[in-house]
Amino acid sequence: MQRRRVVTATTSDGAAVFASDEQIEPVTVALIPGGEFHAIWGADRPVALPLDGDPARTADWFPPPDGFRVAFVTIPPQTSGNSADLDLDAAIAELQHKLPGMAETLDPENPGMHTTDTVDFGVVLSGSVWLELNESDQLELRAGDCIVQNGTRHAWRNRSREPCVMAVAIIGATRSG
């Protein structure tokens with residue numbers, strides 16, 4: 001599903017304008033069938049205003065310290081598992097190409113579990129999802145619920161039959177220990 005992104009800007013004479021109004025295609029990967037990642041906006045360093053409305057170039061899915069990302073993420077039901085004929089090496093290479101930096105955060109011993117050097121603010125827009133911490137603590141989040149994820153080891157598990165759509169703002173952080 002596409003997502004509409006409307007961007008404002010400031011002209012050289014100081015007027016506020018609509019810089020763009022476009023549909024953003026989702027990033028999909030074979031390793032997460034039914035999942036969608038819509039990168040809406042981001043920067044790898046603090047932003048200086050005014051902006052011309054052009055998107056900043058970003059290196060990875062997750063931002064570095066002082067960077068940020070805004071996105072929509074669709075978490076598919078766990079029943080949308082991978083097919084038996086999935087070429088795992090090709091799927092990982094696709095993940096690294098389409099969502100750079102994501103594979104490096106994953107725990108290979110526990111699929112879906114990952115740790116990022118970010119503070120994430122999420123709002124469940126539709127569906128529900130379980131947030132799992134350290135394979136033991138779990139909490140269900142439903143439409144309208146908000147989460148502040150402070151760089152802890154976690155996984156998102158959709159145990160329902162419907163996709164879960166979340167809006168997320170991800171702020172890069174520095175891990176001291």
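Q: Which cut-offs in relative accessible area separate buried, exposed and partly exposed residues?
A: The classes rest on a 1.4 Å probe, with protein chains only. Buried means under 20% relative accessible area, exposed means over 50%, and partly exposed covers what is in between.

Q: What pLDDT must side-chain atom pairs have to count in this predicted model?
A: Residues are numbered from 1 along each chain as its sequence is written, and side-chain values use heavy atoms, leaving out hydrogens and water. Because the model is predicted, local features need pLDDT of at least 70, totals for chains, interfaces and linings use all residues, and side-chain atom pairs count only at pLDDT 80 or more.

Q: Glu140 forms a salt bridge with which residue?
A: A salt bridge is a side-chain nitrogen of Lys or Arg within 4 Å of a carboxyl oxygen of Asp or Glu. Glu140 is partly exposed at a relative accessible area of 24%, and its partner is partly exposed too, at 47%. With the closest N and O atoms 2.8 Å apart, that partner is Arg142.

Q: How many residues apart are Arg69 and Asp44, which link distant parts of the chain?
A: Their side chains meet in a salt bridge, 2.6 Å from N to O. Arg69 is buried because its relative accessibility is 7%, whereas Asp44 is partly exposed at 21%. Arg69 sits in strand S4 (strands being DSSP runs of E with at least two residues, helices runs of H or I with at least four, numbered from the N terminus). Asp44 belongs to the loop between S3 and S4, and the separation is 25 residues.

Q: How far apart in sequence are the parts that Asp107 and Arg153 tie together?
A: The two side chains form a salt bridge with an N to O distance of 2.4 Å. Asp107 is in the loop between H1 and S5, and Arg153 is in the loop between S8 and S9, so the parts tied together are separated in sequence by 46 residues.

Q: In which sense do S4 and strand S10 pair?
A: Two strands pair if DSSP finds at least two bridges between them. S4 and S10 (residues 164-172) have 8 bridges, and one of the partners is easy to find, with Ala71 facing Val168 in S10. The sense of the S4 and S10 pairing is antiparallel.

Q: Which residue of S8 is the bridge partner of Asp120?
A: Strand S5 (residues 118-126) pairs in the antiparallel sense with S10 over 8 bridges, and with S8 over 5 bridges. Asp120 has Ile170 as its bridge partner in S10. On the S8 side, Asp120 is partnered by Gln149.

Q: Which residues make up the uncovered face of strand S8?
A: Strand S8 spans residues 146-150 and has a covered face with Ile147 and Gln149. Val148, the bridge partner of Phe121, belongs to the other face. That uncovered face consists of Cys146, Val148 and Asn150.

Q: What is the volume of the largest pocket?
A: On a 1 Å grid over the protein atoms alone, a pocket is an open set of points where a 1.4 Å probe fits, with protein on both sides within 12 Å along at least five of seven lines; lining residues have an atom within 4 Å of a point. Grid points are joined across faces, edges and corners, and a volume is the space filled by probe spheres set on the points. The volume of the largest pocket is about 1100 Å³.

Q: Which residues lie closest to the centre of the largest pocket?
A: S4, helix H1 (88-98), S5, strand S9 (154-157) and S10 each give at least two residues to the lining of the largest pocket. Of the 40 lining residues, the closest to its centre are Ile32, Leu106, Pro111, Gly112 and Trp156.

Q: Which residues form the nonpolar patch on the surface?
A: Patches take residues with over 30% relative accessible area and no salt bridge, joining like charges within 9 Å and nonpolar side chains (Val, Leu, Ile, Met, Phe, Trp, Tyr) within 5 Å. Accessible areas follow the Shrake-Rupley method with a 1.4 Å probe, and for residues only the protein chains shown count as cover. Leu49, in the loop between strand S3 (36-43) and strand S4 (68-75), is exposed at 71%. With about 280 Å² of accessible area together, the patch is made by Val47, Leu49 and Leu51.

Q: Is the peptide bond from Leu49 to Pro50 cis or trans?
A: Pro50 is in the loop between S3 and S4. Omega of the bond is near 5°, and the bond from Leu49 to Pro50 is cis.
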